Amino acid sequence: MVLAYGKLSHARRRAAAAGGRRQVTSTSDTGTTPTRPTAAFRADIQGMRALAVTAVVLAHATGWPTGGFIGVDVFFVISGFLITGLLLREHERSGRISLPAFFGRRIKRILPAALVVLAATAALASWLFNTPRAMSTWWDAVSAALLVSNWRFEASGTDYFHATDAASPLQHFWSLSIEEQFYLVWPLLLLILLAVAAKGARPVLRSRLVVGIVLVLIVSASFAFAVWQSAAAPQAAYFATGARVWELAAGALLAVCAPLLARIPMAVRVVAGWAGLAGVVASALLITGSIGFPGPWALAPVASALLLIAAGTGAGPAYSRWMFPLANPLSRGLGAISYSVYLWHLPILVFVPMLVSGTALSTVPGMLALIGCISVLSFLLVEQPLHRMPLVGTFRGDAERRAAAWTAWRDRFGQQFLYSAVGLVIVAGLAVIVLGPALRMPVAAGGPAAVAAPVGDPLQSIAGELQLATEATSWPDDLSPSLDDAISATSSTNPARACFDIGATPDAGSCTWGDAGAPKHVYLVGDSTALAYAPAFRAIADQSGGALRITTMGLYGCRFTQDLVQNSGAGVMDDCPTRKHDIAERIAADQPDLVIVSNAFADGRSTDGRALDATAMVASTLAETTAYQVPGRVVLLAPPPLGAELGSCYSRVSSPQDCAVGVDTAWTDFATASESAAAAAGERFISSLPFSCVDGVCPAFAGTTPTKYDRVHLTPAFAEHIAPAVLQTLQAAGAL
């Protein structure tokens with residue numbers, strides 16, 4: 001993400017301080033290279049990098065500042081400004097832009113450190129994660145290496161702001177992909193524009209004018225798209241190239257306008273610089289993921305970053321003294337290693353709590369210290385030496401100068417490389433000592449989880465299995481399906497999947513289980529929680545000896561309430577009213593013996609903007625059932641309480657205790673409201689606790705069966721497993 005560092009050598013700094021822009025010999029990108037245009041060292045920009053990466057890391061590590069993600073937007077602006085300025089200066093000096101040299105510098109700058117992080121993360125993921133998450137991480141690594149990471153996260157519906165999801169340790173590579181996508185296209189477009197504009201008088205002025213006009217169009221179009229997409233599809237907008245290009249282009253536009261900033265008085269620069277700094281800090285503190293981002297609210301950090309960069313453009317050394325929060329040695333040092341910090345921070349934040357949970361190293365200060373140490377080593381051992389390595393083909397035909405370039409590189413970095421390698425060995429040794437005792441690879445078999453559940457009635461049997469699961473210290477080796485398979489399969493193996501899918505209302509006959517001539521007919525309707533229960537009711541019907549036929553129908557994402565509840569799922573809001581209406585008509589016509597309604601226990605919002613809490617949602621559910629015309633024959637069946645995020649808590653170094661959770665407050669509120677409202681309406685409420693949890697603890701498996709495949713939904717296998725207990729509960733309530 002942190003591109004275009006352009007850190008200058010001492011010779012270049014002295015030259016810049018003495019006369020502004022000069023053509024000097026530099027080893028910053030290609031070893032000893034032919035002279036090329038340079039710009040004065042920008043201590044303030046180095047400090048901006050430090051501020052930006054600090055905001056991002058703290059937001060990921062602690063959740064504060066809430067808008068820490070705007071650090072990425074600041075980096076986009078910096079990158080667009082520096083890279084475009086470099087290209088323009090090269091063209092104005094030589095009349096051309098060397099694309100091989102440009103892309104060679106990009107590869108040296110970005111690729112080595114990134115590949116090290118990708119390889120290390122993929123290896124650790126293979127060792128630590130459950131199989132589906134490990135495979136997903138491998139694909140994340142491949143997409144990052146191919147510079148399409150953001151497209152992968154955009155397509156998969158990743159929610160950057162949803163901290164409860166199983167975070168990919170490579171999710172932060174999305175920003176690198178966007179930057180490199182921009183720089184695969186922008187130099188080519190810039191060459192074309194410069195070639196067109198170079199004809200005629202005053203070619204430099206004409207060229208900058210033409211490039212500036214095109215950049216204004218790019219910024220305007222991309223920003224408009226960002227505003228539209230942030231409202232229509234906010235999760236996709238965050239990662240979309242089209243919604244982010246305007247930020248890089250805005251920095252590029254500032255580079256085009258840079259000559260106009262040379263005569264700004266120092267007083268104006270200082271005021272503008274502090275205003276820009278205040279704007280960046282305020283953006284990090286005040287912006288949240290609940291507002292439109294990147295459009296329009298990314299405009300705040302982008303405009304602030306532009307103001308901050310503009311204030312220092314063309315300024316002398318005195319400006320740095322005024323901007324001491326950014327230009328001090330600490331900020332400059334952190335800015336220098338900010339690319340390595342950014343690359344390493346998320347893998348460390350994901351992996352360390354898994355490896356050494358409960359230790360000092362897994363605390364926020366411990367992880368921040370580890371991020372710092374590894375980033376410094378990465379900077380000294382990989383990033384800086386390879387970034388400064390002479391390009392292949394430099395001084396072609398001049399063996400003496402080529403040899404001198406390599407000698408200069410070896411003299412500068414050889415000793416640093418050696419010391420850094422020794423430091424890496426020491427850190428690795430300490431890691432083995434510290435982490436060794438903490439790496440508890442659980443024994444597959446044995447322990448309480450392997451003991452047979454007590455024999456008795458179905459509810460007692462399930463309770464016994466749940467109790468044993470809450471006491472287990474190792475995962476049983478005979479889970480069926482395996483937890484890996486449960487995570488991967490989701491609802492795809494549910495026999496009633498087609499009866500809850502988007503589209504036309506399905507035929508009731510294809511969604512009915514049991515003997516067609518059974519004397520009792522039951523309907524199960526609702527959203528995806530009803531779908532999750534469907535295998536249980538299919539088993540109940542099939543095992544009823546011809547006494548029951550059960551129809552299971554609904555629509556995932558569609559609450560069976562009188563109010564239309566907002567849902568972002570594709571097609572849900574279009575199909576939900578029709579599906580509810582069609583099912584209500586069928587129930588009213590069939591007059592079944594029982595209608596069981598199961599909806600998610602979660603607050604919502606109606607399409608007219610009203611907030612729906614537990615009481616309002618339950619009342620709306622009972623209001624919907626009046627259309628069924630079966631008074632006294634309605635059961636409100638509670639979903640299971642929310643479980644752990646299985647993709648995160650289950651790994652090679654976790655235990656069942658890591659995936660056992662308590663009953664969530666929302667479930668308790670909904671259960672209380674449902675029981676009260678159902679009794680007042682002459683209907684029944686059935687709690688799911690007897691076959692989901694025991695003593696307030698809800699484990700990830702019972703017996704040999706995983707309970708859920710995500711936080712909400714039962715696995716089809718567990719739904720079938722609890723069928724006798726569900727039937728017993730209904731019979732005990734007098735419903736069947």
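## Cysteines outside the buried group

C257 has a relative accessibility of 29% and therefore counts as partly exposed. C373 falls in the partly exposed class as well, with a relative accessibility of 46%. Both values are computed from a predicted model.

## Disulfides of the chain

The count of disulfides comes to four. When the bonded cysteines are numbered along the chain, the links follow the pattern 1-2, 3-4, 5-6, 7-8. Three of these links are described below, each with its geometry, its place in the chain and the burial of its cysteines.

## The link of C499 and C511

The sulfur atoms of C499 and C511 lie 2.1 Å apart, and the two residues form a disulfide. The torsion about its S-S bond is -105°, and the link is left-handed. The pair joins distant parts of the chain, although C499 and C511 both belong to the loop between α20 (483-489) and β3 (512-514); they are twelve residues apart.

Both ends are covered. C499 counts as buried because its relative accessibility is 4%, against a limit of under 20%. C511, with a relative accessible area of 0%, is likewise buried.

## The link of C558 and C576

A further disulfide is formed by C558 and C576, with 2.0 Å between their sulfur atoms. The torsion about the S-S bond is about 65°, so this disulfide is right-handed. Distant parts of the chain are linked here: C558 sits in the loop between β5 (548-554) and α22 (572-590), while C576 is in helix α22, and 18 residues separate them.

The relative accessible area of C558 is 0%, and the residue is therefore buried. C576 is buried too, at 2%.

## The link of C649 and C659

C649 and C659 form a disulfide in which the sulfur atoms are 2.0 Å apart. The angle about the S-S bond is 115°, and the link is right-handed. This pair also connects distant parts of the chain, with C649 in helix α24 (residues 646-649) and C659 in the loop between α24 and β10 (661-662), ten residues apart.

With a relative accessible area of 12%, C649 is buried, since the limit for that class is under 20%. C659 is buried at 2%.

## Strand β6 and its partners

Strand β6 covers residues 594-598 and is mostly covered, with five of its five residues buried. In a regular strand, side chains alternate between the two faces of the sheet. In β6, L594, I596 and S598 lie on one side and V595 and V597 on the other, and these residues are all buried, so that both faces are covered.

Two pairings of β6 can be described. Strand β4 (residues 520-526) runs parallel to β6 and is joined to it by five bridges; within this pairing, V522 stands opposite L594. Strand β9 (residues 634-637) also pairs with β6 in the parallel sense, over three bridges. Here V595 of β6 stands opposite V634 in β9.

## A nonpolar surface patch

W64, V281, L285 and L286 make a nonpolar patch of about 430 Å² on the surface. Of these residues, W64 lies in the loop between α2 (43-62) and α3 (70-94). W64 counts as exposed because its relative accessibility is 53%, and exposed means over 50%.

Key. Residues numbered from 1 in each chain as written. Predicted model: local features only at pLDDT ≥ 70, side-chain atom pairs only at ≥ 80, totals over all residues. Heavy atoms only, no water. Buried < 20%, exposed > 50% of the residue type's maximum accessible area, 1.4 Å probe, protein only. Helix = DSSP H or I, 4+ residues; strand = E, 2+ residues; numbered from the N terminus. Pairing = 2+ DSSP bridges. Patch = residues over 30% accessible without salt bridge, like charges linked within 9 Å, V, L, I, M, F, W, Y side chains within 5 Å. Areas by Shrake-Rupley, 256 points an atom, 1.4 Å probe, with all protein chains shown as cover. Salt bridge = Lys/Arg side-chain N within 4 Å of Asp/Glu carboxyl O. Disulfide = S-S within 2.5 Å.
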